[in-house]
Amino acid sequence: MTLVMGIVNVTPDSFSDGGRYLDAGAAVSHGLSLRAQGADILDVGGESTRPGAERVEPAVERDRVVPVVRALAEAGVVVSIDTMNATTALAAVEAGARIVNDVSGGLADPELLAAVAPTGADVVLGHWRGPSADMYAQAEYGDVVAEVLGELARRIEAAAAAGIAPSRVILDPGIGFGKRGDQNWAALRGTTRLAGLGSRVLIGTSRKRFLAETLTAEAGAEYTDVGEDRLDLGTAVTSVLAAHAGAWGVRVHDVAATVDALRVARAWEGESRWASPTRSR
Ligand code: PMM
(Lines give C-alpha, C1' and ligand atoms only; values in the text may rest on other atoms or scores of the structure.)
Protein backbone atom coordinates (compact mmCIF):
# COMPACT_ATOMS: atom_id res chain seq x y z
CA MET A 1 0.00 0.00 0.00
CA THR A 2 1.36 3.38 -0.96
CA LEU A 3 2.44 5.45 2.03
CA VAL A 4 1.54 9.11 2.51
CA MET A 5 4.36 11.41 3.61
CA GLY A 6 3.02 14.67 5.04
CA ILE A 7 5.08 17.84 4.60
CA VAL A 8 6.06 19.90 7.64
CA ASN A 9 8.09 22.88 6.42
CA VAL A 10 9.74 24.89 9.19
CA THR A 11 10.85 27.74 6.92
CA PRO A 12 9.88 31.39 6.51
CA ASP A 13 9.91 31.23 2.71
CA SER A 14 8.62 27.92 1.28
CA PHE A 15 6.42 28.70 -1.71
CA SER A 16 3.34 26.95 -0.43
CA ASP A 17 3.05 26.82 3.34
CA GLY A 18 6.09 28.83 4.37
CA GLY A 19 5.92 31.14 7.31
CA ARG A 20 2.96 29.49 8.94
CA TYR A 21 4.94 26.87 10.84
CA LEU A 22 8.22 28.59 11.64
CA ASP A 23 7.40 28.38 15.31
CA ALA A 24 8.43 24.89 16.50
CA GLY A 25 5.27 24.36 18.56
CA ALA A 26 3.04 25.27 15.62
CA ALA A 27 5.04 22.95 13.34
CA VAL A 28 4.62 20.08 15.80
CA SER A 29 0.86 20.59 16.07
CA HIS A 30 0.59 20.83 12.30
CA GLY A 31 2.53 17.55 12.05
CA LEU A 32 0.30 15.84 14.60
CA SER A 33 -2.80 16.96 12.75
CA LEU A 34 -1.35 15.55 9.50
CA ARG A 35 -0.77 12.27 11.30
CA ALA A 36 -4.36 12.29 12.55
CA GLN A 37 -5.44 12.75 8.92
CA GLY A 38 -3.60 9.54 7.99
CA ALA A 39 0.02 10.48 7.21
CA ASP A 40 2.33 7.46 7.58
CA ILE A 41 5.52 9.57 7.64
CA LEU A 42 6.16 13.25 8.37
CA ASP A 43 8.88 15.01 6.37
CA VAL A 44 10.38 17.90 8.35
CA GLY A 45 12.34 20.53 6.39
CA GLY A 46 14.10 23.73 7.42
CA GLU A 47 15.43 24.94 4.06
CA SER A 48 13.20 25.97 1.18
CA THR A 49 14.05 24.36 -2.14
CA ARG A 50 11.57 26.37 -4.20
CA PRO A 51 13.01 27.64 -7.51
CA GLY A 52 15.26 30.64 -6.92
CA ALA A 53 15.60 29.99 -3.16
CA GLU A 54 18.90 30.90 -1.51
CA ARG A 55 20.71 28.40 0.71
CA VAL A 56 20.27 28.51 4.50
CA GLU A 57 23.19 28.15 6.93
CA PRO A 58 23.27 24.56 8.26
CA ALA A 59 23.28 25.85 11.86
CA VAL A 60 20.09 27.86 11.23
CA GLU A 61 18.49 24.87 9.53
CA ARG A 62 19.43 22.60 12.47
CA ASP A 63 17.97 25.00 15.02
CA ARG A 64 14.71 25.07 13.08
CA VAL A 65 14.23 21.34 12.57
CA VAL A 66 15.76 19.46 15.52
CA PRO A 67 13.14 20.42 18.15
CA VAL A 68 10.34 19.57 15.71
CA VAL A 69 11.89 16.22 14.76
CA ARG A 70 12.42 15.32 18.42
CA ALA A 71 8.87 16.17 19.48
CA LEU A 72 7.28 14.29 16.57
CA ALA A 73 9.55 11.24 17.01
CA GLU A 74 8.73 11.19 20.75
CA ALA A 75 5.05 11.21 19.81
CA GLY A 76 5.69 7.96 17.91
CA VAL A 77 5.71 9.39 14.38
CA VAL A 78 8.03 8.05 11.66
CA VAL A 79 9.98 11.19 10.83
CA SER A 80 11.96 11.97 7.73
CA ILE A 81 14.39 14.91 7.63
CA ASP A 82 14.41 16.94 4.41
CA THR A 83 17.98 18.25 4.20
CA MET A 84 20.99 18.46 1.91
CA ASN A 85 23.40 18.96 4.84
CA ALA A 86 25.28 16.13 6.57
CA THR A 87 25.34 17.91 9.95
CA THR A 88 21.58 18.56 9.90
CA ALA A 89 20.91 14.98 8.80
CA LEU A 90 22.97 13.58 11.68
CA ALA A 91 21.43 15.90 14.28
CA ALA A 92 17.94 14.95 13.07
CA VAL A 93 18.69 11.22 13.16
CA GLU A 94 20.03 11.62 16.70
CA ALA A 95 16.75 13.40 17.54
CA GLY A 96 14.79 10.40 16.20
CA ALA A 97 14.42 10.78 12.41
CA ARG A 98 14.44 7.41 10.61
CA ILE A 99 14.72 8.64 7.03
CA VAL A 100 17.10 11.22 5.53
CA ASN A 101 15.45 12.88 2.54
CA ASP A 102 18.15 14.51 0.40
CA VAL A 103 16.66 16.06 -2.75
CA SER A 104 20.20 16.32 -4.14
CA GLY A 105 20.87 12.59 -3.79
CA GLY A 106 24.06 13.23 -1.87
CA LEU A 107 25.47 15.68 -4.42
CA ALA A 108 25.04 18.98 -2.53
CA ASP A 109 27.08 17.90 0.50
CA PRO A 110 29.71 15.29 -0.37
CA GLU A 111 29.85 14.26 3.32
CA LEU A 112 26.17 13.36 3.66
CA LEU A 113 26.11 9.75 2.44
CA ALA A 114 29.15 8.69 4.47
CA ALA A 115 27.78 10.49 7.54
CA VAL A 116 24.37 8.78 7.34
CA ALA A 117 25.71 5.31 6.48
CA PRO A 118 26.57 4.16 10.04
CA THR A 119 23.26 5.45 11.48
CA GLY A 120 21.16 2.81 9.71
CA ALA A 121 18.63 5.43 8.57
CA ASP A 122 16.96 5.01 5.19
CA VAL A 123 17.91 7.60 2.56
CA VAL A 124 15.83 9.29 -0.13
CA LEU A 125 18.01 10.04 -3.15
CA GLY A 126 16.42 12.72 -5.30
CA HIS A 127 17.23 13.47 -8.93
CA TRP A 128 19.00 16.83 -8.91
CA ARG A 129 21.23 18.79 -11.23
CA GLY A 130 22.12 21.83 -9.16
CA PRO A 131 21.04 24.30 -6.49
CA SER A 132 17.57 25.86 -6.53
CA ALA A 133 19.02 29.30 -7.27
CA ASP A 134 19.75 28.27 -10.87
CA MET A 135 18.09 24.85 -11.29
CA TYR A 136 16.37 25.66 -14.60
CA ALA A 137 19.75 26.27 -16.25
CA GLN A 138 20.29 22.48 -16.01
CA ALA A 139 16.93 21.53 -17.51
CA GLU A 140 18.27 20.24 -20.84
CA TYR A 141 17.36 16.65 -21.68
CA GLY A 142 17.34 14.35 -24.68
CA ASP A 143 15.38 11.48 -23.11
CA VAL A 144 14.14 12.61 -19.67
CA VAL A 145 13.38 9.15 -18.27
CA ALA A 146 16.62 7.56 -19.47
CA GLU A 147 18.68 10.42 -18.06
CA VAL A 148 16.86 10.52 -14.70
CA LEU A 149 17.21 6.73 -14.34
CA GLY A 150 20.87 6.77 -15.36
CA GLU A 151 21.75 9.61 -12.99
CA LEU A 152 19.85 8.00 -10.09
CA ALA A 153 21.53 4.65 -10.77
CA ARG A 154 24.86 6.45 -10.27
CA ARG A 155 23.57 7.89 -6.97
CA ILE A 156 22.67 4.34 -5.80
CA GLU A 157 26.25 3.36 -6.59
CA ALA A 158 27.59 6.37 -4.67
CA ALA A 159 25.39 5.44 -1.69
CA ALA A 160 26.58 1.82 -1.83
CA ALA A 161 30.22 2.98 -1.97
CA ALA A 162 29.56 5.08 1.15
CA GLY A 163 28.11 2.05 2.97
CA ILE A 164 24.36 2.45 2.31
CA ALA A 165 22.86 -0.74 0.90
CA PRO A 166 20.29 -0.39 -1.93
CA SER A 167 17.63 -1.81 0.45
CA ARG A 168 17.96 1.42 2.49
CA VAL A 169 17.52 3.61 -0.58
CA ILE A 170 14.33 5.32 -1.74
CA LEU A 171 14.52 6.92 -5.20
CA ASP A 172 12.76 10.15 -6.15
CA PRO A 173 12.68 11.57 -9.71
CA GLY A 174 12.82 15.11 -8.27
CA ILE A 175 9.69 16.61 -9.76
CA GLY A 176 10.31 20.34 -10.27
CA PHE A 177 14.05 20.00 -9.65
CA GLY A 178 15.96 20.97 -12.81
CA LYS A 179 12.89 20.15 -14.89
CA ARG A 180 10.49 22.45 -16.72
CA GLY A 181 6.76 21.87 -17.38
CA ASP A 182 6.50 18.85 -19.66
CA GLN A 183 9.79 17.37 -18.50
CA ASN A 184 8.05 16.72 -15.17
CA TRP A 185 5.22 14.83 -16.86
CA ALA A 186 7.81 12.82 -18.80
CA ALA A 187 9.62 11.98 -15.55
CA LEU A 188 6.33 10.91 -13.93
CA ARG A 189 5.59 8.63 -16.90
CA GLY A 190 8.85 6.87 -16.00
CA THR A 191 7.69 5.92 -12.47
CA THR A 192 7.22 2.21 -13.24
CA ARG A 193 10.63 2.04 -14.92
CA LEU A 194 12.17 3.83 -11.94
CA ALA A 195 10.61 1.27 -9.57
CA GLY A 196 12.20 -1.35 -11.83
CA LEU A 197 15.65 -0.30 -10.55
CA GLY A 198 14.67 -2.29 -7.42
CA SER A 199 14.49 0.43 -4.76
CA ARG A 200 11.38 2.01 -3.28
CA VAL A 201 10.12 5.08 -5.16
CA LEU A 202 8.84 8.34 -3.67
CA ILE A 203 6.97 10.92 -5.77
CA GLY A 204 6.47 14.58 -4.80
CA THR A 205 4.17 16.65 -6.99
CA SER A 206 2.45 18.62 -4.23
CA ARG A 207 1.43 22.17 -5.21
CA LYS A 208 4.22 22.37 -7.76
CA ARG A 209 4.38 24.88 -10.58
CA PHE A 210 4.04 22.32 -13.40
CA LEU A 211 0.59 21.39 -12.00
CA ALA A 212 -0.47 25.04 -11.93
CA GLU A 213 0.79 25.45 -15.50
CA THR A 214 -1.20 22.40 -16.62
CA LEU A 215 -4.36 23.65 -14.90
CA THR A 216 -4.15 27.06 -16.60
CA ALA A 217 -2.70 26.15 -20.02
CA GLU A 218 -6.02 25.90 -21.89
CA ALA A 219 -7.54 29.00 -20.33
CA GLY A 220 -4.41 31.02 -21.11
CA ALA A 221 -4.38 32.23 -17.47
CA GLU A 222 -1.32 32.89 -15.31
CA TYR A 223 -0.11 29.81 -13.39
CA THR A 224 0.20 31.99 -10.31
CA ASP A 225 -3.60 32.48 -10.33
CA VAL A 226 -4.27 28.84 -9.37
CA GLY A 227 -5.34 28.55 -5.73
CA GLU A 228 -4.29 25.90 -3.22
CA ASP A 229 -7.55 23.94 -3.53
CA ARG A 230 -7.09 23.33 -7.24
CA LEU A 231 -3.41 22.47 -6.73
CA ASP A 232 -4.32 19.99 -4.00
CA LEU A 233 -6.85 18.31 -6.28
CA GLY A 234 -4.18 18.03 -8.99
CA THR A 235 -1.78 16.67 -6.39
CA ALA A 236 -4.26 14.02 -5.24
CA VAL A 237 -4.78 12.86 -8.83
CA THR A 238 -1.04 12.64 -9.59
CA SER A 239 -0.49 10.84 -6.27
CA VAL A 240 -3.09 8.21 -7.19
CA LEU A 241 -1.47 7.75 -10.59
CA ALA A 242 1.95 7.47 -8.92
CA ALA A 243 0.57 4.78 -6.61
CA HIS A 244 -0.90 2.98 -9.60
CA ALA A 245 2.51 3.12 -11.29
CA GLY A 246 4.16 1.42 -8.30
CA ALA A 247 5.28 4.28 -6.05
CA TRP A 248 6.08 3.27 -2.46
CA GLY A 249 5.18 6.73 -1.17
CA VAL A 250 3.82 10.14 -2.11
CA ARG A 251 4.94 13.42 -0.47
CA VAL A 252 2.07 15.89 -0.03
CA HIS A 253 0.88 18.98 1.83
CA ASP A 254 -2.83 18.05 1.85
CA VAL A 255 -2.75 14.67 3.57
CA ALA A 256 -6.53 14.33 4.05
CA ALA A 257 -7.30 14.74 0.33
CA THR A 258 -4.54 12.32 -0.70
CA VAL A 259 -5.58 9.68 1.82
CA ASP A 260 -9.17 9.90 0.51
CA ALA A 261 -8.05 9.80 -3.12
CA LEU A 262 -5.94 6.68 -2.45
CA ARG A 263 -8.86 5.07 -0.60
CA VAL A 264 -11.20 5.59 -3.53
CA ALA A 265 -8.64 4.40 -6.08
CA ARG A 266 -7.91 1.32 -3.98
CA ALA A 267 -11.58 0.42 -3.89
CA TRP A 268 -11.64 0.50 -7.72
CA GLU A 269 -8.49 -1.56 -8.11
CA GLY A 270 -8.88 -4.00 -5.22
CA GLU A 271 -6.31 -4.32 -2.45
CA SER A 272 -3.89 -6.67 -4.19
CA ARG A 273 -3.11 -4.24 -7.02
CA TRP A 274 -1.83 -1.77 -4.46
CA ALA A 275 0.86 -3.85 -2.91
CA SER A 276 4.05 -1.96 -3.69
CA PRO A 277 6.28 -3.87 -6.13
CA THR A 278 9.27 -3.02 -3.96
CA ARG A 279 9.90 -3.51 -0.26
CA SER A 280 7.50 -1.73 2.05
CA ARG A 281 8.37 -0.80 5.57
N1 PMM B 1 10.04 18.62 -3.11
C2 PMM B 1 10.30 19.67 -2.29
C3 PMM B 1 11.02 19.49 -1.11
N4 PMM B 1 11.47 18.26 -0.75
N5 PMM B 1 11.67 15.96 -1.18
C6 PMM B 1 11.44 14.92 -1.98
N7 PMM B 1 11.91 13.70 -1.64
N8 PMM B 1 10.74 15.03 -3.15
C9 PMM B 1 10.26 16.23 -3.58
O10 PMM B 1 9.64 16.27 -4.66
C11 PMM B 1 10.50 17.39 -2.76
C12 PMM B 1 11.21 17.20 -1.55
C13 PMM B 1 9.80 21.05 -2.65
O14 PMM B 1 8.52 21.28 -2.17
P15 PMM B 1 8.10 22.08 -0.80
O16 PMM B 1 8.95 23.35 -0.74
O17 PMM B 1 6.67 22.38 -0.96
O18 PMM B 1 8.34 21.20 0.37
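Trainee: Let's begin at the ligand: how far is an oxygen atom of the ligand from an N or O atom in the side chain of His 253?
Mentor: Good place to begin, and keep in mind that this is a predicted model. The protein covers 97% of the 410 Å² of accessible area that the ligand has on its own. Within that cover, the side chain of His 253 offers an N or O atom to a ligand oxygen, and the distance is 3.1 Å.

Trainee: And how far is an oxygen atom of the ligand from an N or O atom in the side chain of Arg 251?
Mentor: Arg 251 is among the residues that come nearest to the ligand, along with Asp 82, Asn 101, Asp 172 and Lys 208. From an N or O atom of the Arg 251 side chain to a ligand oxygen, the distance is 2.8 Å.

Trainee: Which residue has a polar backbone atom 3.4 Å from an oxygen atom of the ligand?
Mentor: Arg 251 and His 253 reach ligand oxygens through their side chains. Here the contact comes from the backbone instead, and the residue is Gly 204.

Trainee: By class, how many charged residues does the shell around the ligand have?
Mentor: There are 17 residues around the ligand. Six of the shell are nonpolar and seven are polar. The charged residues in the shell number four.

Trainee: Arg 251 sits in strand S8, so which residue points the way Arg 251 does from S8?
Mentor: S8 spans residues 249–252, and its residues are buried on either side. Val 250 and Val 252 point one way. Arg 251 points the other way, together with Gly 249.

Trainee: What is the bridge partner of Met 5 in S8?
Mentor: Strand S1 (residues 3–9) pairs with S8 in the parallel sense, over four bridges. In that pairing, Met 5 has as its partner in S8 a residue that also comes close to the ligand. That partner is Arg 251.

Trainee: Which residue stands opposite Val 250 in S8?
Mentor: Strand S7 (residues 200–203) is joined to S8 by two bridges, and the strands run parallel. The residue opposite Val 250 is Ile 203.

Trainee: Now to strand S5: how many of the five residues of S5 are buried?
Mentor: S5 covers residues 122–126. Asp 122, Val 124 and Gly 126 point one way, Val 123 and Leu 125 the other, and both sets are buried. The strand is therefore largely enclosed by the rest of the structure, with a buried count of five.

Trainee: What is the bridge partner of Leu 125 in S6?
Mentor: S5 is joined to strand S4 (residues 99–102) by four parallel bridges, and there Asp 102 stands opposite Leu 125. S5 also pairs in the parallel sense with strand S6 (residues 169–172), again over four bridges. In S6, the partner of Leu 125 is Leu 171.

Trainee: Where does Arg 207 lie, the residue with a phi near 55 degrees?
Mentor: Most residues other than glycine have a negative phi. Arg 207 has a positive value, and at 9% relative accessibility it counts as buried. Its place is the loop between S7 and H8.

Trainee: Is Asp 109 buried or exposed?
Mentor: Asp 109 lies in the loop between S4 and helix H4. It touches Met 84, Asn 85 and Ala 86, and its C-alpha is 6.6 Å from that of Ala 86, a residue 23 places away in sequence. Its relative accessibility is 15%, and the limit for buried is under 20%, so Asp 109 counts as buried.

Trainee: What is the relative accessibility of Thr 258?
Mentor: Thr 258 is in helix H10 (residues 255–269). Among the residues it touches are Val 4, Ala 236 and Ser 239, and also Val 250 and Val 252 of S8. Thr 258 counts as buried, at a relative accessibility of 1%.

Trainee: Which residue has the backbone oxygen that the side chain of Thr 2 reaches at 3.1 Å?
Mentor: Thr 2 lies in the segment before S1. It is buried, with a relative accessible area of 5%. Its side chain reaches the backbone oxygen of Ala 247.

Conventions. Residues are numbered from 1 along each chain as its sequence is written. This is a predicted model: local features need pLDDT of at least 70, side-chain atom pairs count only at pLDDT 80 or more; totals for chains, interfaces and linings use all residues. Side-chain values use heavy atoms; hydrogens and water are left out. Buried means under 20% relative accessible area, exposed over 50%, partly exposed in between (1.4 Å probe, protein chains only). Two strands pair if DSSP finds at least two bridges between them. A residue is near a molecule or strand if one of its heavy atoms lies within 4 Å of it. A polar contact is a pair of N or O atoms within 3.5 Å; within protein, one must be able to donate a hydrogen and the other to accept it, and residues adjacent in sequence count only if both atoms are side-chain atoms. Accessible areas come from the Shrake-Rupley method with a 1.4 Å probe; for residues, only the protein chains shown count as cover. Ala, Val, Leu, Ile, Met, Phe, Trp, Tyr, Cys and Pro count as nonpolar, Asp, Glu, Lys and Arg as charged, and the others, Gly among them, as polar. Contact means heavy atoms within 4.5 Å. Lists of a residue's contacts leave out its neighbours within four places in sequence.
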